[in-house]
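Colleague: I'm a first-year student and would love a close look at one part of this model. Could you walk me through it in a friendly way?

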Amino acid sequence: MSIRFRRANASSGMGVAAQCKSTFLELQRKKVHRYVIFKIDEKKNEVVVEKTGDPAETYDHFTSALPENDCRYAVYDFDYVTSENCQKSKIFFLAWSPATSRIRSKMLYATSKERFRREMDGVHYEIQATDSSEMDLQVLRERAN
C-alpha cells in the first residue's frame, strides 16, 4: 500500500482567487474596507479572502482578527496625519507567521508570499511579523513617516 501526500508547488506557490484582487481594489480605490485578511485554502490550492474589516474598525480590531497560532496574509489601510498636518493613507502588506504556528503552515505561506504579494499592486510597505510587537501600531507610524 502506498501513501501519497499532496504538496504545494514550492516554486510557484499557491494560486490566487480572483476575489482577493477585487477585494484589495475595493480597499485601495473605494475605501470600502479598513483591512482584508487572506488565508491559504489547501483544498482549493489557492489564497482566498478570509475576513474584511469595515472602514470604521481600528487597528486593534485588525490585530485581534488575526489567529494566534496560524499564518495569514493581510493588507491594512493606515490613515495618519503628517507633521505638516496633512491627512494621508498608506497600504501595508502583512505576512503574519506566529512562532507558535505549524512548521508546514509557515513553509506554505513563505513559499507562496511573493506570488501573492505581486497581485497586490499599490501596497506601500511590507511587514513580516512573528509576534505582535513586530506589527505594533508604532511600527506602522514609523514606516509611514
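Which residues form one aromatic cluster here, together with F38?

Modeller: Happy to! Please keep in mind that this is a predicted model. The aromatic cluster brings together F38, Y73, F93, Y109 and F116. Let's begin with F38 and follow the strands outwards.

F38 belongs to strand β2, which covers residues 35-41. Of the 7 residues of β2, 6 are buried, so the strand is largely enclosed by the rest of the structure. β2 has a pairing partner in β3 and another in β4. With β3, the pairing is antiparallel and runs over 7 bridges; there, V49 is the bridge partner of F38. The two strands make a hairpin with 4 residues between them, and in this hairpin N45 takes a positive phi near 60 degrees. With β4, the pairing is again antiparallel, over 4 bridges. Here F38 stands opposite Y73, and both of these residues are members of the aromatic cluster.

Now step back to see where these strands sit. The sheet is open and has 6 strands, in the order β1-β3-β2-β4-β5-β6, with mixed pairing. Its edge strands are β1 (15-16) and β6 (125-129), each of which pairs on one side only. β5 and β6 run parallel and are joined by 5 bridges; as an example of how they line up, A95 has Q128 in β6 as its bridge partner. Helix α1, residues 18-30, lies across β1, β2, β3, β4 and β5, and runs at about 35 degrees to β3.

Back to the cluster, then. Another of its members, F93, has a charged companion: the charged end of R117 sits over the F93 ring, 5.8 Å from the ring centre.

There are other aromatic rings to look at too, as the structure holds 12 aromatic pairs. One of them is formed by Y59 and F62, whose centres are 5.6 Å apart and whose planes meet at 45 degrees, a tilted arrangement. Y59 and F62 both lie in helix α2 (residues 59-65), 3 residues apart, or about one turn of the helix. Both are buried. Next come F78 and F92: their ring centres are 6.0 Å apart and their planes stand at 80 degrees, so this pair is edge-to-face, which applies to planes over 60 degrees apart. Since F78 lies in strand β4 (residues 72-81) and F92 in strand β5 (residues 87-96), the pair ties together parts that are 14 residues apart in sequence. F78 has a relative accessible area of 5%, so it is buried, as the limit is under 20%. F92, at 3% relative accessibility, counts as buried as well.

If you follow the chain on from β5, you enter the loop that leads to α3 (103-119), where you will find S101. S101 counts as buried, at 7% relative accessibility. Its side chain reaches the backbone oxygen of P98 at 2.7 Å. Leaving aside neighbours within four places in sequence, S101 is in contact with N69, D70, C71 and K106.

To return to your question: try finding F38, Y73, F93, Y109 and F116 on the screen, as these form the cluster. From F38 you can then trace across to V49 in β3 and to Y73 in β4.

Methods:
Residues are numbered from 1 along each chain as its sequence is written. This is a predicted model: local features need pLDDT of at least 70, side-chain atom pairs count only at pLDDT 80 or more; totals for chains, interfaces and linings use all residues. Side-chain values use heavy atoms; hydrogens and water are left out. Rings of Phe, Tyr and Trp (its six-membered ring) pair if their centres lie within 6.5 Å; planes under 30 degrees apart count as stacked, over 60 as edge-to-face and the rest as tilted. Buried means under 20% relative accessible area, exposed over 50%, partly exposed in between (1.4 Å probe, protein chains only). A charge sits over a ring if NZ of Lys or CZ of Arg is within 6 Å of the ring centre and within 35 degrees of the ring normal. Two strands pair if DSSP finds at least two bridges between them. Contact means heavy atoms within 4.5 Å. Axes are lines fitted to C-alpha atoms, for helices over the stretch in contact, and angles run from 0 to 180 degrees between N-to-C directions. A polar contact is a pair of N or O atoms within 3.5 Å; within protein, one must be able to donate a hydrogen and the other to accept it, and residues adjacent in sequence count only if both atoms are side-chain atoms.
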